[in-house]
Amino acid sequence: QLSTTFYDYTCSNVSSVVRGVVERAAQNDVRIGAKLIRLHFHDCFVDGCDGSLLLDDADGIESEKSAGPNAGSVDGFEVVDEIKTALENVCPGVVSCADILAISSQILVSLAGGPTWQVQLGRRDSRTANQAGVIGALPNALETLEQITEKFNNVGLDSTDLVALSGAHTFGRARCAAFSHRLYNFNSSGNPDPNLDTTYLETLRQTCPQGGSNDNTLNNLDRSSPDDFDNDYFTNLQNKQGLLQTDQELFSTSGANTVGIVNRFADSQSDFFDSFAQSMINMGNIRPLTGNNGEIRLDCKRVN
Ligand code: HEM
Ligand SMILES: [Ca+2]
């Protein structure tokens, strides 16, 4: 029901307006692409791509952004607001906040060297948030491959989508808190995660000392090209240099159907790019509000 031509008559320069704002934002914050694509992901997995994540706490709204897995972790909301303001100036009341996340993700991925794709548009914004649904819907970095796969399946995404979209960890940062359980006493073994390269382990231990108060210290998700959108993420996994447990599991879970997909994307960046583009379209199609459902928010942080 979404279409690539949705705003052709109502806001024909929507993508150039978004591009203008995000290109400026990228000059001040090399992480902005990583932040915005993650917002799109965390929005889509909870009740579909409906901008629900962007709502602040208010009467009748318990926000998703303040839920455990999001609080202090997701970021980039100010840039979403800047894009919205710029769009309201040219086509008031037309472009949804949910679509802003989809459009800006595409522009910033390609700006970082990744693929381009035709973004499907026409999502409308929710009038509600689902704080209680966040934990059950979002994958977390301590889960097994089986659990992660199930969460993707729950929103209609398969193992190819899982591996391709995990490739978004080709840029951006993670806090020590997301992976330090791998460094010292993995699964109460008294040892580090065996699927972690020992040289890389030493580097990570220096950044995230045991029992240290370094939970918020940032690490590159892709150690070899931290800000470029490329397929290094997958060669890192082949070398046991994935940062998150859930990254490394895609390659190190013996017998899993994800192993061959990791190898394919490591061998061919263009295979990765083609799959990533398709999987972003698939993710963007998770239960959008269309027609007369929902609304076009005037301010992404609150319902009209
Ligand atoms: C497969 C399951 C996934 C898990 C378990 C996971 C987990 C995480 C964690 C723990 C972080 C670091 C958060 C922090 O330290 O505060 C992170 C960062 C990030 N994730 Fe994922 N993620 C997954 C899938 C995805 C997907 C599907 C996308 C987008 C398509 C994505 C995009 C990102 C990006 C770009 C960052 C860096 C954000 C920044 O620099 O601010 N992730 N992820
Ligand atoms: Ca949502």
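Which residue, with a positive phi, follows H6? The points below concern a predicted model and begin with that helix.

1. The residue that follows H6 is Gly156, and its phi is positive, near 85°.

2. Helix H6 covers residues 145–154. Its buried residues are Leu145, Ile148, Thr149, Lys151 and Phe152. When the helix is viewed down its axis, these buried residues fall within an arc of 160°, so they line one face of H6.

3. On the face of H6 turned away from the buried side are the exposed residues Glu146, Glu150 and Asn154. The buried residues, in contrast, are covered by elements that include helix H2 (32–45), helix H5 (134–137), H7, helix H10 (245–252) and helix H11 (258–267).

4. Helix H7 (159–166) also helps to locate the metal site: His169 lies in the loop between H7 and strand S1 (173–175). Through its NE2 atom, at 2.1 Å, His169 is the only protein donor of the iron atom of ligand 1.

5. Arg297 deserves separate comment. This residue belongs to the segment after helix H12 (269–284). Arg297 is buried but has no salt bridge. The nearest side chain of opposite charge is that of Glu295, 4.6 Å away; a salt bridge requires a distance within 4 Å, which means that this pair does not qualify.

6. A polar atom of the Arg297 side chain lies 3.1 Å from the backbone oxygen of Cys300. With neighbours within four places in sequence left aside, Arg297 is in contact with residues including Asp50, Gly51, Ser52, Leu54, Leu55, Asp125 and Asn304.

Definitions and conventions: Residues are numbered from 1 along each chain as its sequence is written. Chains are lettered from A and ligands numbered from 1 in the order in which they are written. This is a predicted model: local features need pLDDT of at least 70, side-chain atom pairs count only at pLDDT 80 or more; totals for chains, interfaces and linings use all residues. Side-chain values use heavy atoms; hydrogens and water are left out. Helices (H or I, at least four residues) and strands (E, at least two) are DSSP runs, numbered from the N terminus. Buried means under 20% relative accessible area, exposed over 50%, partly exposed in between (1.4 Å probe, protein chains only). Lys and Arg count as positive and Asp and Glu as negative; His and the chain ends are not counted. A polar contact is a pair of N or O atoms within 3.5 Å; within protein, one must be able to donate a hydrogen and the other to accept it, and residues adjacent in sequence count only if both atoms are side-chain atoms. Contact means heavy atoms within 4.5 Å. Donors are N, O and S atoms within 2.8 Å of the metal (3.2 Å for Na, K and Ca); water is not among the atoms, so sites may look incomplete. The arc is that of the directions from the helix axis to the C-beta atoms.
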